[in-house]
Amino acid sequence: MSSSAAIQVLQQPDQGAVLLHPIRLRLVGRLAEPNSATGLAREMGLPRQKINYHLRELEKNGLVRFVKQQRKGNCLERIVQATARSYLISPEVLGSLASDPSRIPDRFSSGYMVAVAARTIRELAILQHRADKAKQPLPTFNLQADIRFASAEDRNGFAEELTQEVARLTAKYHHETAPGGRLYRFFVGGYPAITKGEEETPKSQTIKKSKREA
């Protein structure tokens, strides 16, 4: 029995619409492990016919997969499982409304960074689909680090040194006309880390902010 993928990027508008239905979200969440419509109906307290209908829609849109049939009493039950443990809707689902770095002139803005991240999601989804079709691994790597800067000057100094180092490595390893070479796309970005949730904001600050905005 094959396990579910770690993550599935949804590239079709219909898939997003199907998955975002409240009952279907609950179903997919419970299908990390294989189960039947009967079992799900019992767990969720819903009619089996309703569960069957939603499972068919999920399976038709590639969000749930058939695993096997098993006999229970005089009946044969279809066992299904979610196709992935996590799902992400690709920006391309929005068509012309999707974010595009080329339409954002300020390359140092948060909007530009979001657009670059969205493009990365879209391109990785395409590449992963091609790799799966060819039954080949998709070679990728990433670097992550949390850095506490003592001052804005330190932050700007780090950005300058990083830029110079990336330029040096690019000049060393980039071969424009190398036979059989493969072009890779890199991006580096930084943003303030989220260190507390909104619910941790002091009530007094929230009240003052509300009065100013009123």
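In this predicted model, helix α2 (residues 22-30) packs against helix α3 (residues 37-44) at an angle of about 110 degrees, and their axes lie 11 Å apart. Angles from 65 to 115 degrees count as roughly perpendicular, so α2 and α3 are roughly perpendicular to each other. The crossing in which α2 passes α3 is right-handed. On the α2 side, Ile 23, Arg 26, Leu 27 and Arg 30 make the contact, and they meet Leu 40, Glu 43 and Met 44 of α3.

Helix α2 has another partner to look at: its axis and that of helix α4 (residues 48-60) come within 10 Å and cross at roughly 80 degrees. That makes α2 roughly perpendicular to α4. Here α2 contributes Ile 23, Arg 24, Leu 27 and Val 28, while α4 brings Lys 50, Ile 51, Tyr 53, His 54, Leu 55, Glu 57 and Leu 58.

Here is how the residues of the two contacts divide by class:

| Contact | Nonpolar | Polar | Charged |
|---|---|---|---|
| α2 with α3 | four residues | no residues | three residues |
| α2 with α4 | seven residues | one residue | three residues |

Now for the pockets. The second largest pocket has a volume of about 580 Å³. It is lined by 16 residues, of which Ile 7, Gln 8, Val 9, Gln 128 and Asp 132 are the closest to its centre. Two elements, β1 (5-10) and α5 (110-134), each give two or more residues to this lining. By class, the lining of the second largest pocket holds eight nonpolar residues, seven polar ones and one charged residue.

Technical notes:
Residues are numbered from 1 along each chain as its sequence is written. This is a predicted model: local features need pLDDT of at least 70, side-chain atom pairs count only at pLDDT 80 or more; totals for chains, interfaces and linings use all residues. Side-chain values use heavy atoms; hydrogens and water are left out. On a 1 Å grid over the protein atoms alone, a cavity is a set of points where a 1.4 Å probe fits but cannot get out, and a pocket is an open set with protein on both sides within 12 Å along at least five of seven lines; lining residues have an atom within 4 Å of a point. Grid points are joined across faces, edges and corners, and a volume is the space filled by probe spheres set on the points. Helices (H or I, at least four residues) and strands (E, at least two) are DSSP runs, numbered from the N terminus. Ala, Val, Leu, Ile, Met, Phe, Trp, Tyr, Cys and Pro count as nonpolar, Asp, Glu, Lys and Arg as charged, and the others, Gly among them, as polar. Axes are lines fitted to C-alpha atoms, for helices over the stretch in contact, and angles run from 0 to 180 degrees between N-to-C directions. Angles under 35 degrees count as roughly parallel, over 145 as roughly antiparallel, 65 to 115 as roughly perpendicular and the rest as oblique. A crossing is left-handed if the near helix is turned anticlockwise from the far one by less than a right angle, and right-handed if clockwise. Contact means heavy atoms within 4.5 Å.
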